Amino acid sequence: MTQPMTARTPAPATAAGAGRHTPHPGTLSIAHGARPATDGAAGVLARFEEWVRRSPEAPAVIDGAHSWTYGQIGSAADEVAQALRARVRPGDLVGVCLDRSAALVVTAVALARIGAVYLPLGPRPGERRTDAVTEDIDVVCLIGDPGLLPPRHRTADRMDLTLPGEGANATATVVAAFAAPGAAAHSAPTGAFYAVLTSGSTGRPKAVAVGEPALGGLLDWYRATTGLGPGDRQSLLIGVAFDPHLLELWAGLTSGAALVPAPDEVRWDSVVLADWWRTAGVSVSAAATPMVEPLLDRPWPQDLRLRHLMAGGDRMRRHPGAEVTATVHNAYGPAEATVIATTYAMHGTDGAAGTDSAPPIGHPVPGVTVIVAGQDGRPVERGTEGELLIGGNGLALGYLDPELTARRFTAVPEGLDLPGVERVYRTGDRVRMAADGRLEFLGRLDDQVKISGVRIEPAEVEAAFEQDPAVLSAVVTAPRTADGRARLVAYIRAAADSGLTADALLPTLRTWLPEQAVPSDVRIVGSFPLDANGKVDRAELTRRAAESAAPRPGGTAPDDGAPAGATPGERLVLSAVRDLLDRPGTSLADNFTEAGGTSVLAARLLTVIEKESGVRLRAPELLRQPDLRAVALLVDQRCASRQPAGA
């Protein structure tokens with residue numbers, strides 16, 4: 001999809017599958033995506049309106065037994081837009097607290113017709129997190145279930161909205177709740193089409209604003225690459241607050257295809273995900289990498305319509321096997337570069353199929369330029385590690401905070417002639433560019449980490465802990481497990497005589513942070529180790545976390561709280577959860593989610609249980625249990641039910 005180039009060389013037009021130049025020795029680490037297929041004149045909303053005119057009876061949303069045509073979505077969006085126009089103006093930010101559903105689709109179209117800026121927050125973003133967002137950002141209203149809105153908006157001036165109430169994730173009542181923003185709240189920049197939240201080192205999330213041309217250019221590439229069109233079904237699977245949600249939603253609406261909202265349990269269980277792809281007839285899908293990889297470890301279902309799968313949000317650690325019939329795209333891109341900046345397509349017929357080596361993140365998509373820079377900000381030679389800089393048509397407008405925008409979106413390095421590139425975004429990601437222009441992801445340059453595909457600033461987690469007056473200070477580290485996954489460990493210095501415990505801290509913490517940012521291990525300490533400069537020695541804390549997680553000499557494990565005669569199910573569940581959470585002290589009395597379990601880890605736990613015992617639990621069964629002992633009881637009961645009488 002791309003043509004690698006040296007500096008000062010204009011980008012020629014290329015076609016998919018076209019050959020690439022052989023670079024000369026000393027070629028700089030600069031690569032340009034193909035010239036965009038369109039000039040961007042047709043906007044995102046305009047392409048949807050075209051399908052409303054051309055195919056008003058075609059299905060736009062299919063949610064189980066319920067479906068809505070393009071004409072019905074358009075008409076419903078007209079009603080919502082008319083209701084909101086008296087209070088919502090073009091350029092206003094609107095926080096959307098809905099789940100994947102026809103109601104969400106109608107709301108997105110309505111806001112686009114008004115010219116308002118769509119800010120997806122998800123159905124349960126956390127009361128304190130939402131309060132912080134609406135204090136820092138000039139959100140004119142929140143749209144969602146009135147019972148799930150934060151207190152300040154529950155008592156605010158409200159407007160009932162008429163939205164579809166059917167579907168797996170639908171809510172019966174939806175309101176627009178208006179509350180005054182903070183005095184210093186930031187507005188969206190001119191031309192913003194949507195905004196999304198990312199983790200912020202100040203302890204409060206920051207918002208990135210993206211213009212319609214940037215999203216439109218990416219959608220052009222997506223449709224051309226996947227062939228998405230009328231008769232196809234595009235998943236609506238990604239969590240609503242995660243920026244790939246925008247790609248899924250508008251890919252369907254701008255192609256004449258039908259969007260298929262996924263029930264929530266699909267996102268917890270990779271086997272259920274594959275079953276849902278089959279029963280829902282999904283032909284193109286996007287999913288978080290941690291959900292995709294377990295599917296690549298088991299026989300690939302041969303009766304799927306799925307032909308393209310975009311996987312992103314975390315490092316992929318293996319290539320799809322030869323039996324995988326879909327094209328799997330290893331996609332990379334920060335929210336600041338409009339969802340996807342580079343991709344690498346993998347097929348079952350590739351020579352590397354089935355290998356456990358990490359695939360590259362590939363070449364830039366059309367209109368995007370990538371640079372690998374050294375510490376001086378200048379491009380390094382290919383084969384040399386450096387920081388990834390992204391420029392071109394896919395860049396976001398910036399953050400809602402202009403000062404932050406100025407720090408991260410910078411001028412093109414002096415002396416480089418990069419046609420179509422006026423500024424670059426410093427990703428903080430460490431990469432290496434191969435001779436053919438492909439990028440290999442190597443990790444982060446700063447403290448930012450990815451947990452289950454979500455970028456987390458440890459400083460934001462620390463600040464959330466420090467909201468509690470009993471917490472004097474907090475330090476959060478991100479040690480890696482044996483298989484390379486990062487986890488969060490928090491060290492808390494508590495006020496004297498506070499009696500503070502980890503269990504007392506976590507419920508409040510969850511109102512501030514997304515689930516991926518809640519540490520899997522919280523330790524109350526009297527002091528922090530210091531380095532030679534008198535600063536907290538984070539490396540020493542990370543070492544201690546790894547040391548405490550290591551097996552004890554002789555293979556003994558810490559007391560798990562289970563009786564001496566623990567059942568096979570109890571031993572299996574306890575061992576699996578300890579390994580997944582990297583918390584040797586976890587006991588059978590612990591609740592899975594309260595101990596640090598996330599949706600992605602739940603999917604992995606279900607896979608381990610099935611592999612070791614042959615018992616296939618469903619995600620809702622796991623999540624309903626009060627503790628791990630109850631989960632183990634289910635495993636033991638299912639195993640017993642399969643034994644023949646007298647066995």
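V339 sits in the loop between β16 and β17, and in this predicted model its phi is near 75°, a positive value in a residue other than glycine. Most residues other than glycine have a negative phi. T338 has a positive phi too, of about 60°. Beyond that loop, the points below cover salt bridges, a buried helix, a three-stranded sheet, the cysteines and a glycine in β23.

**The β16–β17 loop**

- T338 is found in the loop that runs between β16 (327–332) and β17 (342–346).
- T338 isn't a glycine, despite that positive phi of about 60°.
- Buried or exposed, where does T338 fall? It's buried, with a relative accessible area of 1%.
- V339 counts as buried as well, at 6% relative accessibility.

**Salt bridges**

- How many salt bridges does the model have? The count comes to 21.
- Side chains of opposite charge can pair when their charged atoms come close.
- E49 and R113 make one of these bridges, with their closest N and O atoms 2.8 Å apart. E49 lies in helix α1 (residues 44–54) and R113 in helix α3 (residues 102–114), so this pair ties together parts that are 64 residues apart in sequence.
- Both E49 and R113 are buried.
- R113 also has a salt bridge with D78, at 3.1 Å from N to O. D78 is in helix α2 (residues 70–84) and R113 in α3, so here the parts tied together are 35 residues apart in sequence.
- How accessible are R113 and D78? R113 has a relative accessible area of 19% and is buried because the cut-off for that label is under 20%. D78 counts as partly exposed at 40% relative accessibility.
- E610 and R616 meet through their side chains in another salt bridge, at 3.0 Å from N to O. E610 is partly exposed at 24% relative accessibility, while R616 counts as buried at 19%.
- Then there's a network: E385, R430, R432 and E440 are joined into one by salt bridges that share partners.

**Helix α4 and what covers it**

- Which residues of helix α4 (residues 127–136) are buried? They are R129, T130, D131, A132, V133 and T134.
- The cover over those buried residues includes the strands β6 (117–120), β7 (139–144) and β10 (192–198).
- Helices are part of that cover too, including α5 (151–154), α11 (458–465) and α12 (502–512).

**The β27-β28-β29 sheet**

- Three strands make up an open sheet, in the order β27-β28-β29, and their pairing is mixed.
- Which strands sit at the edges? Those are β27 (471–477) and β29 (521–525), each pairing on one side only.
- From one strand to the next, the twist averages 20°.
- β27 and β28 (residues 489–494) run antiparallel, joined by six bridges.
- If you want a spot to look at in that pairing, V475 has Y491 of β28 as its bridge partner.
- Helix α11 lies across β27, β28 and β29, and runs at about 155° to β27.
- Helix α12 lies across β27, β28 and β29 as well, running at about 125° to β29.
- Both α11 and α12 turn up again in the cover over the buried residues of α4.

**Cysteines**

- A disulfide is a covalent bond between the sulfur atoms of two cysteines.
- How many disulfides does the structure hold? Zero.
- For C97, the nearest cysteine sulfur is that of C141, 9.7 Å away. C97 is in no disulfide because a pair of sulfur atoms has to be within 2.5 Å to count as one.
- C97 is buried, with a relative accessible area of 6%.
- C639 counts as partly exposed, at 22% relative accessibility.

**G428 in β23**

- Where is G428? You'll find it in strand β23 (residues 423–433).
- G428 counts as buried at 6% relative accessibility.
- Setting aside neighbours within four places in sequence, G428 is in contact with E387, L388, R408, G443, R444, L445 and D446.
- One of those contacts, R408, is 20 residues from G428 in sequence, with 9.4 Å between the two C-alpha atoms.

Methods. Residues are numbered from 1 along each chain as its sequence is written. This is a predicted model: local features need pLDDT of at least 70, side-chain atom pairs count only at pLDDT 80 or more; totals for chains, interfaces and linings use all residues. Side-chain values use heavy atoms; hydrogens and water are left out. A salt bridge is a side-chain nitrogen of Lys or Arg within 4 Å of a carboxyl oxygen of Asp or Glu. Helices (H or I, at least four residues) and strands (E, at least two) are DSSP runs, numbered from the N terminus. Buried means under 20% relative accessible area, exposed over 50%, partly exposed in between (1.4 Å probe, protein chains only). Contact means heavy atoms within 4.5 Å. Two strands pair if DSSP finds at least two bridges between them. Axes are lines fitted to C-alpha atoms, for helices over the stretch in contact, and angles run from 0 to 180 degrees between N-to-C directions.
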